[in-house]
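Biologist: Before we discuss this assembly, I would like each term justified by its value. Please show me the model, and let us begin with the domains.

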Amino acid sequence: MDAHGHAHEMPWIRRYVFSTDHKIIAIQFLLMSLFFLVVGGLLAAMIRWQLGFPSEPMPGGMLLPDEMMAPTPAGAIMLPEFYNSLVTMHGTIMIFFAIMPLLVGVFGNLLIPLQIGADDMAFPRLNMASFWMAFPAGLLMLASFAVEGGAAGAGWTSYAPLSASGEYTGVYLGQQLWLISLTILGFASLAGAVNYITTIINMRAPGMTWFRMPLATWALFITAILILLAIPILAGALIMLLFDQTIGTGFFLPASDGEPLLWQHLFWFFGHPEVYILILPAMGITSDVLANGARKPVFGYHAMVLAIVSIAFLSWIVWGHHMFQSGMNPMLGTTFMITTMVIAVPSAIKVFNWLGTIYKGNIHLHTPMLHALGFVSMFIIGGLSGVFMASTPVDVYIHDTYFIVAHIHYVLFGGSLFAIFAGITFWYPKMFGRLMNEKWGRIHFWLTLILYNLVFWPMHSIGIQGHMRRIYDPTQYEFLQPLQPINQFITVCVFALVAVQAIYALNFIISIWKGKKAGNNPWHANSLEWTVPSPPPHGNFELVPIVYRGPYEYSAPDVEEDYWLQDAPPPRETAAPALEPQPVAD
Amino acid sequence: MSWMLPDSYSTFGPDVDFLYYAILVVTGIVFVITEALLVYFVIRYRRRDGQKATYIHGSTKAEIIWTTVPFIAVLGLAFISIPSWNMMKNPDSVPADALDYIVNAKQFEWEITYAGADGVTGTADDISTINIMHVPVNQAVNITLRSEDVLHSFFLPEMRVKQDAVPGMDITVWFEATAAGAYPIGCAELCGNLHTTMGGTLNVYEATEFDAWVASQSADADDADDADDQEDQ
Amino acid sequence: MSQPAASTADRHPMPGMMVYNVKLGMWIFLLSEVMFFTALIGSYIILRFAHPDHFAEPGAVLNVPLTAFNTFVLICSSVSMVKAYAAITQGDQKGLRFWLLVTILLGTFFVGVQVVEYIILAREGFVPMVELYGVAHEIEGAALYGATFYTMTGFHGTHVTIGILCMWFVLYRAWQGKYSADNYGAVEIMGLYWHFVDLVWIILFTIVYLI
C-alpha cells in the first residue's frame, strides 16, 4: 500500500500517469471521457449535416478520405456507408466512452472513497488498471475509422446478422475492432465495479451506516452491482458475435440455424440495466446537488434509496420492450409491457421527491443547482415520453422513429449530461482546488438548455409523423419531404449547441489555473468530502472521520448555520458514540 | 411541429390513435403539473437572506400517495393497451377471410407475392411485384413476412403497421385498409448501406379494381416481371 | 442504529475474522463470472430448444465416459485444494506445498484430457464452423452444436488454465514461505476461484454431456 507521506516523492509518472490515487484516476477518466464527448458531438454534427442537407457537400468534408466522403467538384458528399458508421460510432462512443465513464469512472472514483470516509479504493492498483484498459479501448474504437471498410456500421446495438458477417455491409475489421474494444472496456468496467462494491461494503468510516450514505454513493453502489451483473452478459454476446465474424461460427446467423433474435435478447438483457447504469448515478448526483441548492434535506431519503434499488431490480425484467416489433411472441410483449409500465413508478417517486426537496427551501441558484434543476425538468420529459413506447400498440407506430431518438436524448443528454455538468461543476474544487466561473457557467447552462430543447423537442414531432431513425436521406421518402425544414432547423440548432459547449470547455480549462480558490467547503455542504482540503491530499483524511448523522442535515434547527457536516460532533454529549478520532495507520 | 398523429387508414388506426392520445393527455397533465411546480418552487422559495429552509425530511403519506397513483395510472394504461396489441400482433386475430400475401425482404427491396387466382400462396399462379404492394380496401390481408439476409422492418405508417422481418422466421402481419389510395412503405430497421432506399408504395384499390388488376396480372403471368409493376406507378 | 463499520485503518483484518477486502472482492468477481457463464450456457439452451434436430444426443458425438472420469479428476482437485487450505491454516508449510502441487497436477491433467478430446472430436469432423477451409461441415447441421460446445467448454478450460497459472504463482510464494497460519488470504481466494471453476464444470458436464 502506498504510504501517504511518500506520495510527493514518487516520480511524476507514478503520481499523474500510472497513479493509484482514486482522485487522479477520476481526473484521468474525466479528461478521457470529455475528449470522447467532444468526438461524439462532432460525429453528431456530421450526422445532422447529412440529415439537414442530404447529399449536399459538407463543409470541411474534403479533409476526410474518399472512402468516407465522395469528392465532387462542388465539394465532398457523405457516403451512406460512412453515415452508418457515424450513427454507430456516435451511439457507441457517447454511451460507452463518454456518459458511462463520466458517471461511473469519474464520479465513482472521486466520490465513493471521499463520501464514505475511506483513504482510497479497496484495490488501488486494480483501479489504475481499469483506466488503463478503458483508455486504449477507446483509442481502438476510434482507430476503427481508419481501417479498410471503415468503422462498424450496424448501429450501436449491432443487430445480427448485419453485424455478424461483413458480406452485408462490407465492414469486416471495423466491426471486429468494435467488438474487441467493447470487450476490453467491459473488463475495465468490471474492475471498477468490483472495486466500488468492495470499497462501499468494507471501508465505510465509523458511523457511516448504510442510511447515512449520500445518495450519489448509494446510486453508484447500485450502479456498480448492475455493471457487475450486466457487463458479463454483454461480454458473452460480444465474444459469440466475434466468433461469428472471425472463425465462422453461426450463433446469430440463420444460414447455420443460428438465431438473430438471440443477439437481441442477450444485448438487451445487458442493455436495459445499462440504460439505468447511465441514469442512476445522474439521479444520485442530482439528489446531492438539489439538497445543497435548496438548503434542505432530501425529501424522503429512504424512499429515494428504495426507488434506486427497485429500479435496479426491475431493470432486469423489462429488456423485451426494446423488442416489441422484433417478432417475439405477442404474449411476451404483453408481459414486458406491464413490467415496463411498472418501472415508471420508482422514477416518478424520484421526481416527486425532488420536487419535495425544493419545496419550502431557500434555493440558491448556483450553476450546479441550475444543472440539477435542468436534469429534473428534462428527465420528466424523457420519462414521460417513455410511457408512449411502453404501450405496445403505440410502440408499433413510433418504434424506430425519431420519437425514440428524442426519448433517449431527453434521458441521456437532458438527463445524464445535465447531471454530469452539475456534478463536474459541484465537485470541481475536489479535483482542481478551484471553482469554475459562475457567470460563464450560467450562460452555458441557459444556452445549452434552450438549444438542447430546440434540437430534441422537434424530434418528437417528426417521429410522430413517421420519420424513421438511421436513414441516410429522409428526402428519399416522399412523405418525409415536408418535414425537411424541421430537419434543417434541428441541424442548425445542433451546430449552435455543439458550439456553445466551447464555453464550458474554456471555463473548465481556464478555471484550473484562474478559478477562485475554493477552500474546503465552498458550497456549505455536509458530506465528508467537504471536510477535507480541496483537492484532498493523498490518503484523503488526516484522521479517520467519525460520522454522526446523515448527509442532508441542511437548515437543522439545532445549529446556527444552515448546514451541518456529517462528522461534526453533536452538541449534546449524550448522543455521542464512544469513538475518538484515531490517526490513520498504514 | 405538431403532436398530432397523421391520419390513419386502417382498422388499427382508431385503436392506436386513441391510445396515443390517451397517453398524451395523461402524460401531458403530469408534465404540466410537475414542470409548473418546479418553476413555481424555484421562484417562490428562491434564496432570501436571513431565511432558513424548512427542516423536513419527508412524509410517509405523500410517498404512499405518489407511489400508488402513478402505479394505478401506468397499470391502467397497460391494461387498456392489451386488447389492441393482441388484435394487431396475435396470429389468432387474423380474420379467416384474409387474403394471403408473402412479403420477402432483402437488401434492399421488398418482394411481394400474391396468391393469384387460386387464393393460395406458393403455387404456380402466384403473382409477384417489387416494392409496390397492391391490396383491396376493406379487406383484411394476411402477410407472411420473411427476410433473406438481415433484419428489416416492414413499416406502413398510415396503416399503423410495423414488424421486423427476421431471416429464418415466418412472421404473421395483418391489416385491413379502410380507404383507397397510395401510401408509403418504409424500412424501419437499419439493414445496410442503402437502407434509406428501401421504400415502396402500398396501393389500396376498390375491390373491383383490385380484382381487375389481379386478372390482368394472371393473364400474362409468364411476363409478370418487375418491368410491368414499374409501369403501374 | 449505528453499527460502526470497519475503519479505513482496518483494511487488512485477519483472514477468517471477517470478510476482508480481497476475499470480498473475489466473491464479487465470481458473481460476474456466474453471469458470464449464464450468458454462454443460456445461449446453448435457447439454441438447442430452438433447433433440437441440430443437437445430437450427447453420447453420439462426445466421449461421455472419458469426460466423466475427467470430471472426477477435477472434483479431486477441489478436494486437494481444500487440503492445501487446511494445511496452511494449521501452519503446515509442507502440506500446503504438497497439496498445491497435487491440485496443479490434477488441473493440468484435466486440461490435457480436454485438449485430447478436442483433437479427437475435430478429427471426426466435429468443428464449430459452418465451413472449414471452404469445405462444408462434415456432420450435417452440427455447426451450431459445435460452436456452443467449444465456446462453453473452451471458456471453462481457459478459466482452469488461468487458475493453474495463478496456482503456480501461489506455489512459488509458498516455497518462499510467504504464507502462515496468520496469513493465508491468497490461498483462500485461490481456493474460492478453484471451487467456482469446478462447480461451473459440474453444471456444464450435466447440461452438455448428460442431458
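Modeller: This is a predicted model. Across the interface of domain 1 and domain 2 of chain B, the rule finds one salt bridge.

Biologist: What makes the pair Arg160(B) and Asp17(B) a salt bridge?

Modeller: The criterion is a side-chain nitrogen of Lys or Arg within 4 Å of a carboxyl oxygen of Asp or Glu. The closest N and O atoms of Arg160(B) and Asp17(B) are 2.8 Å apart, so the pair meets that cut-off.

Biologist: Where do the two domains of chain B begin and end?

Modeller: The domain assignment gives domain 1 as residues 13-89 and domain 2 as residues 95-232 of chain B. Their C-alpha centres lie 42 Å apart.

Biologist: How do you know that domain 1 and domain 2 of chain B are in contact?

Modeller: Contact requires heavy atoms within 4.5 Å. Six residues of domain 1 of chain B are in contact with four residues of domain 2 of chain B. The two domains bury about 450 Å² between them, and carbon and sulfur atoms give 37% of that area. On the domain 1 side, Met87(B), Met88(B) and Lys89(B) lose the most area to domain 2, together 68% of what that side buries.

Biologist: How many residue pairs are in polar contact across the interface of domain 1 and domain 2 of chain B?

Modeller: The rule finds four such pairs, both residues being at pLDDT 80 or more. The elements that give two or more residues to the domain 1 side are α1 (13-44) and α2 (60-89) of chain B. By class, that side of domain 1 of chain B has three nonpolar, one polar and two charged residues.

Biologist: Let us turn to the chains. Which chains have the most contacts among the two pairs that touch?

Modeller: The most contacts are between chains A and B. Chain A contributes 99 residues to that contact and chain B contributes 85 residues. The area buried between chain A and chain B is about 7,800 Å², of which carbon and sulfur atoms give 71%.

Biologist: What kinds of polar pairing does the rule find between chain A and chain B?

Modeller: The count is 31 residue pairs in polar contact, both residues at pLDDT 80 or more, whereas the rule finds zero salt bridges across that interface. Several helices of chain A each supply at least two residues of the side that touches chain B, including α3 (80-116), α10 (330-358) and α15 (484-514). Of the elements on that side, α10(A) gives the most, with 16 residues. By class, the side of chain A that touches chain B has 60 nonpolar, 26 polar and 13 charged residues.

Biologist: What does the interface of chain C and chain A comprise?

Modeller: In that interface, 39 residues of chain C are in contact with 48 residues of chain A. The two chains bury about 3,500 Å² between them, 72% of it on carbon and sulfur atoms. The rule finds zero salt bridges here and two residue pairs in polar contact. On the chain C side, α1 (21-50) and α5 (143-175) each supply at least two residues, and α1(C) gives the most, with 16 residues.

Biologist: How do you know that no contact joins chain B and chain C?

Modeller: Contact means heavy atoms within 4.5 Å, and no contact joins chain B and chain C. Their closest C-alpha atoms lie 11 Å apart.

Biologist: Why does the span of helix α3 of chain C agree with expectation?

Modeller: The expected span is 1.5 Å times one less than the number of residues. For the 26 residues of α3(C), residues 64-89, that should be 38 Å; the end C-alpha atoms are 38 Å apart, and therefore the values agree. At the start of α3(C), a side-chain oxygen of Asn63(C) reaches to within 3.3 Å of the backbone nitrogen of Leu66(C). Just after α3(C), Gly91(C) takes a positive phi of about 80°.

Biologist: Which peptide bonds are cis, and where do they lie?

Modeller: A cis bond joins Ala160(A) and Pro161(A), with omega about 5°; Pro161(A) is in the loop between α4 (124-143) and α5 (173-202) of chain A. Another cis bond joins Gln107(B) and Phe108(B), with omega about -5°; Phe108(B) is found in the loop between β1 (99-106) and β2 (109-114) of chain B.

Technical notes
Residues are numbered from 1 along each chain as its sequence is written. Chains are lettered from A and ligands numbered from 1 in the order in which they are written. This is a predicted model: local features need pLDDT of at least 70, side-chain atom pairs count only at pLDDT 80 or more; totals for chains, interfaces and linings use all residues. Side-chain values use heavy atoms; hydrogens and water are left out. Helices (H or I, at least four residues) and strands (E, at least two) are DSSP runs, numbered from the N terminus. A polar contact is a pair of N or O atoms within 3.5 Å; within protein, one must be able to donate a hydrogen and the other to accept it, and residues adjacent in sequence count only if both atoms are side-chain atoms. Buried area is the accessible area (1.4 Å probe) that two parts lose on being put together, summed over both. Domain bounds come from an automatic or database domain assignment. Ala, Val, Leu, Ile, Met, Phe, Trp, Tyr, Cys and Pro count as nonpolar, Asp, Glu, Lys and Arg as charged, and the others, Gly among them, as polar.
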